Protein chains: 2
Amino acid sequence: MDLRRLRYFVAVAEARSIGKAAERLRMAQPPLSVQIRKLEAEIGAPLFRRGTRGMDLTEAGQALLARASEALALAVDGAEAARAVAAGKRGRLSVGYMFVLANAMLPRLIPELRRSVPGVDLEFAELSASTREARLLDRSVTVALCMPAINHPEIQVARIGAQPFMLAMPIRSPLARLVAVPMERLQGRPLIALPPPEQDPASSAVAAMLRRHQIVMPIASRVETVHSAMSLVLAGEGFAIVPACAKLGAPRGIVFRPLRDAADSIDIAVCWRRDSQSPLISRFLKCAEKVVARI
Amino acid sequence: MDLRRLRYFVAVAEARSIGKAAERLRMAQPPLSVQIRKLEAEIGAPLFRRGTRGMDLTEAGQALLARASEALALAVDGAEAARAVAAGKRGRLSVGYMFVLANAMLPRLIPELRRSVPGVDLEFAELSASTREARLLDRSVTVALCMPAINHPEIQVARIGAQPFMLAMPIRSPLARLVAVPMERLQGRPLIALPPPEQDPASSAVAAMLRRHQIVMPIASRVETVHSAMSLVLAGEGFAIVPACAKLGAPRGIVFRPLRDAADSIDIAVCWRRDSQSPLISRFLKCAEKVVARI
DNA sequence: GCCAACCCATACGTTTTCGGTATGCCAATG
DNA sequence: CATTGGCATACCGAAAACGTATGGGTTGGC
């Protein structure tokens, strides 16, 4: 079953003549005649009635024609689809992101992507730090928005921005009256912490900052997500140190204040598999940079 | 776009390895490797990621795989469908018949055909004599049940039976009291005739019979169909001479009597295009013979 | 009624393509 | 460091396809 033979067959069926079809196929008439006979031999039955004025499909030929032209169309469509995917004009772009970035970035990022890569199926998944890494590696996610970047030999990183840390507290906290909170005022205050550094690199950035300023904050609670941290802060359990973008989407009753004298910030990065040569990644990078610049 | 390449591609994609696929395809590994690279060159993009432990589809490759395997299936299905049609296991059998035969034959013929050619689409069309011939010639009808046979160089005929002529008359006609009507009793009686012989060969058979017995019957009316003839007979307009099978489906109030001393009968025949080599025709012939034998 | 035109089929030589064998390269493994 | 496993490259022989030349049958015109 050769696709070329089927193409010839369809051409002859449409032209109702070997000579005419050969002309359209830009080949001589005899080899086309031979190919048609070979196809008939392969099928085991005549596909055409040879009349004195050209060729005419038999019933068997009609049965073949329908499927052959469909198969032909599918083959060229498959090639085109593959080319389109390779060129980034179609395909799937699955984005893993972290919760704190969702409110700040997605509302602008999604329309930006739709404009930049029309025809591409977009997927978004809110994933924890370790899941982001795992799903990048098994390719079930194309790119990840991370804060901070993933550190792994197979994963490539592009820093697209940074977020200063801010102190989150209940509105009736005394510190809330300050425009900016001096670092030393944090000494000894209870901290709502995220999972330990080996599970979440973001909390390691916070810990490093406190250590650098020689501040010790007892850990009042450990929570899984920034969302939970906000709840505990609102309940008066303690303070949280979070990237500035967490402000968006935080519940009423919580205020955020910059940390004075602390130039510390945490990187926002786009991460992807080093061997993933999809052109969608550079498009995504451009969109993400554009969006981050306006945060 | 070669179907063989697509088959190789699908095999490699499924085996996730060139070596394994080559084994399954019963060929050596190097030529398969070459074919895959040629396909990639044709597409213009890599379809596989070459790892140290085999091959893995790229996104472009996945896009191609879906269509390629469909195209492959369609191609083999097309070949099988063509073979099935050629073998008479599938296809279309369109039967043209004449009105007078419908009641006598179709109720038995249709189930017989369904048993004999399961999987074949059956079509039935009640057609006048000239239309039967035309539609056989343009192949919109595969076979025709005729009475008498069609006479045409392109059309082949198989006689499957015969019908004696009978006299149709109103039940209160004096002749109705006879078990069989002697031919001479028809002399001078009004005849309800079908279209003239050049349009309907059946009426020519009736005319020939009357001529042979030297009977003259004035034509009271000419009608298009046997159905109309029955109406006029019922109305007392005259007598009709029809094949015995017209008895079935005739309205109440009409009686049929054999013509004594007249061995005349009219052939029932199956007709088809001489160049139509469909195996369905011989199957149809067998069924029709079986049914006619039981009329 | 014969000749020209049309169309498909066959024959043969040339070229392209494909498949097999031998071998190389690279990475992972012990 | 050697071995194994897997893909890529090189080269050769075989098969398939294409083109040119030609035959044979039917149609239609002079």
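Which residues are the closest to DNA strand D? Let me answer that after a word on conventions. This is a predicted model, in which local features need pLDDT of at least 70 and side-chain atom pairs count only at pLDDT 80 or more, while totals for chains, interfaces and linings use all residues. Residues are numbered from 1 along each chain as its sequence is written, chains are lettered from A and ligands numbered from 1 in the order in which they are written, and side-chain values use heavy atoms, with hydrogens and water left out.

To the DNA, then: 23 residues surround strand D, and the closest are Y8(A), K38(A), S33(B), R37(B) and R50(B), where near a strand means that a heavy atom of the residue lies within 4 Å of it. Of the atoms of DNA strand D that come within 4 Å of the protein, sugar and phosphate account for 77%. By residue class, that surface divides into eight nonpolar, seven polar and eight charged; here Ala, Val, Leu, Ile, Met, Phe, Trp, Tyr, Cys and Pro count as nonpolar, Asp, Glu, Lys and Arg as charged, and the others, Gly among them, as polar.

Looking at individual atom pairs, an N or O atom in the side chain of S33(B) is 2.5 Å from a phosphate oxygen of DNA strand D, and a backbone N or O atom of A28(A) lies 2.9 Å from a phosphate oxygen of that strand.

Next, how do the two chains relate? Chain A is superposed on chain B by a rotation of 180° with 0.0 Å of shift along its axis, at an RMSD of 0.3 Å, the fit being by least squares on the C-alpha atoms of residues with pLDDT of at least 70 in both. That is the relation of a two-fold axis. The same surface serves both copies, in that 100% of the contact residues of chain A recur in chain B, contact meaning heavy atoms within 4.5 Å.

Finally, two places inside the chains. A202(A), in helix α7 (residues 201-212) of chain A, is buried, with a relative accessible area of 11%; buried means under 20%, exposed over 50% and partly exposed in between, with a 1.4 Å probe and protein chains only. Leaving aside neighbours within four places in sequence, A202(A) is in contact with M147(A), P148(A) and I266(A).

In chain B, the buried residues of helix α8 (residues 226-234) are V226(B), A229(B), M230(B) and V233(B). They cover an arc of only 100° around the axis, which puts them on the same side of α8(B), the arc being that of the directions from the helix axis to the C-beta atoms. Helices here are DSSP runs of H or I with at least four residues, strands are runs of E with at least two, and both are numbered from the N terminus.

Note on methods:
Polar contact = N/O pair within 3.5 Å; in protein donor to acceptor, adjacent residues only side chain to side chain.
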